[in-house]
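Open the model in your viewer and set it to a cartoon view. The stops below say what to select and what is there.

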Amino acid sequence: MGSGASQEVSAKVKDNSDEDLDTLFKELPSDEVEKILKAAQAARGAAGSGETSAPFLRKAFKLIADCMGKVMEAGEKGEAPPEIDEEKLKAEYFALIKQSFDHHDRKKAGKLDKDDAAIFFKNFMQECMVFMEASMAKTIKVKIDAFKKRLEEDCMMNKDEFHTAKDHLPGALKAAQAEVNKAILLLQAKAKGNTDAFAANKDAVTCVAFAGTDDDGDGSLTFEEFKDMMDIGSDKYEKLVKLLAGADFDTDLQGGEDFDKALDAAKEAAAIYLKEKLGVKD
């Protein structure tokens, strides 16, 4: 597959259903998946490190993503989770959320009207994608590193019987990574479908989201209403995300069940590769 094929894949991604996308990515050769993934990551990496219309929202999301990453990394290593001062973290997060509210309060009225909220909702969707990329990148690195370590330990335990096992580790890891890459592409395509749908119906979606978050119905968002809907993990936050991005959007931006299945498939692919190389029969 060359660059023309990559463009063809991109066109299919735009129009296909989740089931079609799943089939499409599973059938792609590993080298083509890697090529498309690198291009997508480079483009999103540039966007994530560039200018943003919501600098305080980006900082708030990054604060949470970094904290989640540290906890997950400790868990994968079998270590005790790091001590987190939850009150301090919460205070820092909501201080950034207040700055984001003030940033979007263009009339300095102490509240967001419908036009202010529309700008915020658009920025929120964009920053969700940046947050998702950062969270997934960290998840992938931590889990693949932990998987590599376990694979190496398994090979060492069986070194008398399978003395050449460690020689095949690079190939086994490549087989595992290929499965993960396909899952990443699928998740990115689904997420992009949600954000594209928002862009195409921005006015209508914004009206629904505004009505769903303006608790007192006065036609504006106070900081208390804004703060409540930006409390990650709360019912109001999940409601906001689903109003903007659809009911199937991955609200915690961690890849969900699809990504967990991909990690299981990655382990299986590595095991199959090793068995084939070592001539092991079930």
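Select α8 and α10: where α8 passes α10, the crossing is right-handed. This is a predicted model. For the selection, α8 covers residues 202-213, and helix α10 covers residues 235-245. The two helices pack at an angle of about 165°, and their axes are 8 Å apart. Angles over 145 degrees count as roughly antiparallel, and α8 and α10 are therefore roughly antiparallel to each other.

Now show the side chains where these helices touch. On the α8 side, the contact is made by Val205, Val208, Ala209, Gly212 and Thr213. On the α10 side, Lys239, Leu240, Leu243 and Leu244 take part. Colour them by class: the contact of α8 with α10 has six nonpolar residues, two polar ones and one charged one.

Stay with α8 and follow the chain onward. Select Ser220, which is found in the loop between α8 and β2, a strand at residues 221-222. Is Ser220 buried or exposed? Ser220 has a relative accessibility of 4%; buried means under 20%, so Ser220 counts as buried. Which residues surround Ser220, apart from its neighbours within four places in sequence? Select Lys111, Leu112, Phe210, Asp214 and Glu225, which are in contact with Ser220.

The next stop is another helix pair. Select helix α4, residues 55-76, and helix α5, residues 86-104. Here the angle is about 160° and the axes are 7 Å apart. α4 and α5 are therefore roughly antiparallel to each other, and their crossing is left-handed.

Show the side chains at this contact too. From α4, select Pro55, Phe56, Leu57, Lys59, Ala60, Leu63, Ile64 and Cys67. They meet Leu89, Glu92, Tyr93, Leu96, Ile97, Gln99, Ser100 and His103 in α5. By class, the contact of α4 with α5 has 11 nonpolar, three polar and two charged residues.

Keep one residue from that list, Ile64, which is found in helix α4. With a relative accessible area of 15%, Ile64 is buried. Leaving aside neighbours within four places in sequence, Ile64 is in contact with Leu89, Tyr93, Phe131 and Ile232. Then draw a distance line from Ile64 to Glu92, C-alpha to C-alpha: the two residues are 28 apart in sequence and 10.0 Å apart in space.

Move on to helix α7, residues 169-200, and pick out Val180 in it. How accessible is Val180? Its relative accessibility is 0%, so Val180 counts as buried. Add Ala265 to the selection: Val180 and Ala265 are 85 residues apart along the chain, and their C-alpha atoms are separated by 8.1 Å.

Finally, clear the selection and look at the whole protein. There are 11 helices and two strands. Along the sequence, these elements follow the pattern α-α-α-α-α-β-α-α-α-β-α-α-α. To see how the chain meets itself, consider contacts with a separation of 6 or more: 74% of them are between residues 24 or more positions apart. Of the 282 residues, 39% are buried. Switch on the surface last: the protein exposes about 15600 Å², and carbon and sulfur atoms supply 52% of it.

Terms used:
Residues are numbered from 1 along each chain as its sequence is written. This is a predicted model: local features need pLDDT of at least 70, side-chain atom pairs count only at pLDDT 80 or more; totals for chains, interfaces and linings use all residues. Side-chain values use heavy atoms; hydrogens and water are left out. Axes are lines fitted to C-alpha atoms, for helices over the stretch in contact, and angles run from 0 to 180 degrees between N-to-C directions. Helices (H or I, at least four residues) and strands (E, at least two) are DSSP runs, numbered from the N terminus. Angles under 35 degrees count as roughly parallel, over 145 as roughly antiparallel, 65 to 115 as roughly perpendicular and the rest as oblique. A crossing is left-handed if the near helix is turned anticlockwise from the far one by less than a right angle, and right-handed if clockwise. Contact means heavy atoms within 4.5 Å. Ala, Val, Leu, Ile, Met, Phe, Trp, Tyr, Cys and Pro count as nonpolar, Asp, Glu, Lys and Arg as charged, and the others, Gly among them, as polar. Buried means under 20% relative accessible area, exposed over 50%, partly exposed in between (1.4 Å probe, protein chains only). Accessible areas come from the Shrake-Rupley method with a 1.4 Å probe; for residues, only the protein chains shown count as cover.
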